[in-house]
Amino acid sequence: MSSRPLVYVTRRVPQSGVDILRKTCDISQWNSDDPVPRDELLRNVEGKDALFCLLTDKIDKELLDRAGSKLRAVATMSVGYDHIDVVECSRRNISVGFTPDVLTSATAELTVSLLLATARRLKEGISAVKNGSWGTWKPLWLCGQGLDGATVGIVGLGRIGTAVAKRLQPFGVDKILYNDAIETKNAREVGAHFVSLDELLKNSDFVLCCCALTDENKGLFNEAAFSKMKKNAIFINTSRGGMVNQDALFKALSTGQIAGAGLDVTTPEPLPTNHPLLTLDNCIILPHIASATYKSRYAMSELTARNISAALQGQEMPCQVKL
Ligand code: DGY
């Protein structure tokens, strides 16, 4: 029997990550582009030394029990790790790895793209061209909101929020406000001002959700939050669907409480095709693709593998979750 560590990879992932692991580990893998069924995951994690997982895999007590005492590392190919019970992992001395930085640019670019597409009503424009409702040039037809002179409010000025702020500055924004658990040192770099959440919601023309989902901030964007926003506000979420109460968002968008929303993340994912939000012209929904550049996804796979390799050698992971 081989004495090499055993690693289970829960999906078909960019091969460069698997190649790194193969040098020192024996790999078994769910060889599909779709998530591994829970039963299959539970069966396959048994007796493994490490788990290479994705944001669609729930890593909870039940799974850790099934894995058994050999499990030393859980590494997710994502920056978000709200699907992992990190407290339980830490109690069992299991290192948890994630993939910050390597997806920051891609995610920030997509956030800006979604903001512009939503604010300038690109979905309605493209539909009009296709369905023949494009008539003559009309002075106020499909007018939207511009960034020049606008106030942008960013909830969560971490790596991604800061990268978004940097990319928005050249558009001539007037002010960048932010709210976070604490005032961050990144703020100075991008000239952002710390304000209360209420102030941010009341004063921003664009409200961007860029924070990590936690038990504390789940559903932060609820009816009360949308009711504080300006009527011309554009809301953008590239964080996690769980940040938003979607019924409240539907109400805010359909009653004109806010002007538009662009979401890269929803609850659930995929969003059922008969979901009310999909009936709205002023809501653009993307299928969770913020980090989807080849460069990022390969780098995420490689970093996940390097996280696992380090933990299996008894070292700190290059990107280890710290409690
Ligand atoms: C993440 O990494 O958490 C994103 O949601 C997907 O790249």
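Count two residues as touching, or in contact, when their C-beta atoms, placed from the backbone, lie within 7 Å. That rule is used in the views below, which are taken from a predicted model.

**View 1. The whole protein chain, with its twelve helices and twelve strands.** The radius of gyration comes out at 21 Å, close to the 20 Å that the globule rule gives for 323 residues, so the chain is as compact as a globular protein of that length. Along the principal axes, the C-alpha atoms fill a box of roughly 75 × 45 × 30 Å. Buried residues make up 42% of the 323. Take the contacts between residues at least 6 apart in sequence: 65% of them join residues at least 24 apart.

**View 2. Domain 1 and domain 2, and where they meet.** Domain 1 is built from two stretches, 6-100 and 294-312, while domain 2 covers 104-285. How far apart are the C-alpha centres of the two domains? They are separated by 32 Å. Four residues from domain 1 and five residues from domain 2 take part in the contact.

**View 3. The largest nonpolar core, with its 97 residues.** Which members touch the most other members of this core? They are F52, V74, I154, V164, A192, L208 and I308. Both domain 1 and domain 2 give residues to the core, so it lies between them. As background, nonpolar side chains tend to be buried together in soluble globular proteins.

**View 4. V74 and the residues around it.** V74 is one of the core members that touch the most others. Leave aside its neighbours within four places in sequence, and V74 is in contact with L51, C53, I59, I84, C89, I94 and V96.

**View 5. The open sheet of seven strands.** Reading across, the order is β8-β7-β6-β9-β10-β11-β12, and the pairing is parallel. What happens at the two ends of that row? β8 (192-194) and β12 stand at the edges with a single partner strand each, so one side of each has no neighbour in the sheet. On average, neighbouring strands here are turned by 15 degrees against each other, direction ignored. A general point to keep in mind while looking: in a regular strand the side chains alternate between the two faces of the sheet.

**View 6. Strand β7 with β6 and β8 on either side.** Is β7 enclosed or open to the outside? Four of its five residues are buried, so β7 is largely enclosed by the rest of the structure. For that count, buried means that 20 or more other C-beta atoms lie within 10 Å of the residue's own. Strand β6 (residues 151-155) pairs with β7 in the parallel sense over five bridges. Strand β7 (residues 175-179) is in turn joined to β8 by three bridges, again running parallel. Look for Y178: it is the bridge partner of I154 in β6, and its own partner in β8 is F194. I154 shows up in View 3 too, among the core members that touch the most others.

**View 7. Two cis peptide bonds in the loop between β11 and β12.** One cis bond joins T267 and P268, with omega at about -5 degrees. The other joins E269 and P270, where omega is also about -5 degrees. P268 sits in the loop between β11 (260-263) and β12 (283-285), and P270 lies in that loop as well.

**View 8. L271, right after P270 in the β11-β12 loop.** L271 is partly exposed, with 18 other C-beta atoms within 10 Å. What does L271 touch, not counting residues up to four places away in sequence? The list is T266, L278 and I285. P287 is 16 residues away from L271 along the chain, and their C-alpha atoms are separated by 8.4 Å.

**View 9. N93 and H288, two residues with positive phi.** Neither residue is a glycine. N93 has phi near 60 degrees and is found in the loop between α4 (86-91) and β5 (95-97). N93 is exposed, with 9 other C-beta atoms within 10 Å. For H288, phi is about 50 degrees, and the residue belongs to the loop between β12 and α12 (294-312). H288 is partly exposed, with 19 other C-beta atoms within 10 Å.

Conventions: Residues are numbered from 1 along each chain as its sequence is written. This is a predicted model: local features need pLDDT of at least 70, side-chain atom pairs count only at pLDDT 80 or more; totals for chains, interfaces and linings use all residues. The radius of gyration is taken over C-alpha atoms; the globule rule is 2.2 Å times the number of residues to the power 0.38. A residue is buried if 20 or more other C-beta atoms lie within 10 Å of its own, exposed if 12 or fewer, and partly exposed in between; C-beta atoms are placed from the backbone. A nonpolar core is a set of buried Ala, Val, Leu, Ile, Met, Phe, Trp, Tyr and Cys residues joined through C-beta atoms within 7 Å. Domain bounds come from an automatic or database domain assignment. Two strands pair if DSSP finds at least two bridges between them. Axes are lines fitted to C-alpha atoms, for helices over the stretch in contact, and angles run from 0 to 180 degrees between N-to-C directions.
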